[in-house]
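I am opening this notebook to record what I looked up, entry by entry, in the structure shown below.

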Amino acid sequence: MTIALSVHGGAGVYPPEQMQSAQEGCLAGLLVGWNILQSNGSALDAVEAVVRTLEDNPLFNAGTGSYLTREGNIEMDAGIMDGEMFRVGAVAAVELIKNPIVLARKVLASPQVLLVGCGAQQFALEQGMSLCTREDLLTERVYTRWQQKRAAQVPEVEQKHGTVGAVAVDSAGRLAAATSTGGPMNKYPGRVGDSPLVGCGFYADRIAAISSTGYGEDFVRFLIARRAAEYAGQGYPVQLAAEEAMAFMTMHTSETGGLIMVDAQGNVGFAKTSLHMSYASMSDRMVEPEIGI
Ligand code: ASP
């Protein structure tokens, strides 16, 4: 069986000084997941570990480095899916959790699919996780940009990037997907995007796994991750399935984004309509990882 892993660091417009580090961050996450897959670990463990690594990287808008709401709080969304058993775990608008993807994985192992806000926090405590402070998650760069945004000094388009995600197929042919985000800068309190919604910001079945990023409301409206999976189910190669899903979005909205995809045969697909989207991919058919933005 071919193992494959693809990682993204969010779609949007990256400032030139962050382009290199975003790609390096994706690569670092990829290597963590790749080690797991290479030692016959599961796709689910690999995508969780990748996303956790990217959440801990303050460069990305997920976990540490998450953007702020209008009220200056940090409300995070994350989702993870095991395509083999169709198990799903997600958390939305959760505060004071260092690694929302770890909490989402614990939800996956529970009878629930999605927990939000205070309930998600309560569940974290019951699971033995501890709460962090807002300051643990907040970076100076994000705080400064939030202040600039509030003073309307930074155009909206420059703010949108940094959501993270991963998709993998393991040596047993099992697929998994994971996505984590702080959401858009200065978002309305309680706003939930596509990232914790199955079929929107992430999806996995026995044919393909998808993680998406971009203008969340439209990824929800058009069920982009599920749409990409359906194209793969109809026999489209994953690259074409990824492109068709994004093309469908473009037909209906001017908003942008992108997605990564792998199938059970270890083929990797990538499509974006935004200017940039940092990513890294590897399969055991490739000599070395591919990175880009
Ligand atoms: N899709 C994310 C959201 O709307 C944001 C992003 O991917 O940049 O919350």
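Which backbone atom of His276 lies 3.0 Å from a polar atom of the side chain of Ser274? I looked this up in what is a predicted model, and found that the atom is the backbone oxygen of His276.

**Entry: Ser274**

I placed Ser274 in the loop that runs between strand S10 (268-272) and strand S11 (276-283). I then checked its exposure and noted a relative accessible area of 7%, and because buried means under 20%, Ser274 counts as buried. Setting aside residues up to four places away in sequence, I listed Ala11, Gly12, Thr256 and Gly257 as the residues that Ser274 touches.

**Entry: Asp82**

I went next to Asp82, which I found in strand S2, and I entered it as buried at 6% relative accessibility. A polar atom of the Asp82 side chain lies 3.0 Å from the backbone nitrogen of Glu84. Apart from neighbours within four places in sequence, I recorded contacts of Asp82 with Leu44, Arg87, Leu108, Leu175 and Ala204.

**Entry: Ala62**

Ala62 sits in the loop between H2 and strand S2 (76-82), and I noted that this residue is buried, its relative accessible area being 0%. Once neighbours within four places in sequence are left out, the contacts of Ala62 are Leu54, Glu55, Gly162, Val164, Ser180, Thr181 and Gly182. I also looked up the separation of Ala62 from Ala90, which is 28 residues apart from it along the chain, and the C-alpha atoms of the two are 14 Å apart.

**Entry: H2 against H3**

For helix pairs I kept to two quantities, since two packed helices are described by the angle between their axes and the distance between the axes. The axes of H2 and H3 cross at roughly 150 degrees and come within 8 Å, and I therefore entered H2 and H3 as roughly antiparallel to each other. On the H2 side the contact is made by Leu44, Asp45, Glu48, Val51, Arg52 and Glu55, and on the H3 side by Pro100, Ile101, Val102, Arg105 and Leu108. Sorting the residues of this contact by class, I have six nonpolar, no polar and five charged.

**Entry: H3 against H4**

I then turned to helix H3 (residues 100-108) and helix H4 (residues 117-126), which pack at an angle of about 80 degrees with their axes 10 Å apart. That angle makes H3 roughly perpendicular to H4. From H3 I noted Leu103, Lys106 and Val107, which meet Ala120, Phe123 and Ala124 in H4. By class, the contact of H3 with H4 has five nonpolar residues, no polar residues and one charged residue.

**Entry: nonpolar cores**

Which residues touch the most other members of the largest nonpolar core? I found Leu5, Val7, Ile80, Val91, Ile101 and Leu103 in that position, in a core of 52 residues. Helix H2 (residues 43-56) supplies the largest share of this core, namely seven residues. I also recorded a second, separate core of 39 residues, which includes Ala4, Leu175, Phe222 and Phe248.

I followed Leu103 further, and with neighbours within four places in sequence left aside, I listed its contacts as Val91, Val94, Ile97, Ala120, Phe123, Ala124 and Met129. As background I noted that, in soluble globular proteins, nonpolar side chains tend to be buried together.

Technical notes
Residues numbered from 1 in each chain as written. Predicted model: local features only at pLDDT ≥ 70, side-chain atom pairs only at ≥ 80, totals over all residues. Heavy atoms only, no water. Core = buried A, V, L, I, M, F, W, Y, C linked by side-chain atoms within 4.5 Å. Buried < 20%, exposed > 50% of the residue type's maximum accessible area, 1.4 Å probe, protein only. Helix = DSSP H or I, 4+ residues; strand = E, 2+ residues; numbered from the N terminus. Contact = heavy atoms within 4.5 Å. Axes fitted to C-alpha atoms, helices over the stretch in contact; angles between N-to-C directions. Parallel < 35°, antiparallel > 145°, perpendicular 65-115°, else oblique. Nonpolar A, V, L, I, M, F, W, Y, C, P; charged D, E, K, R; others polar. Polar contact = N/O pair within 3.5 Å; in protein donor to acceptor, adjacent residues only side chain to side chain.
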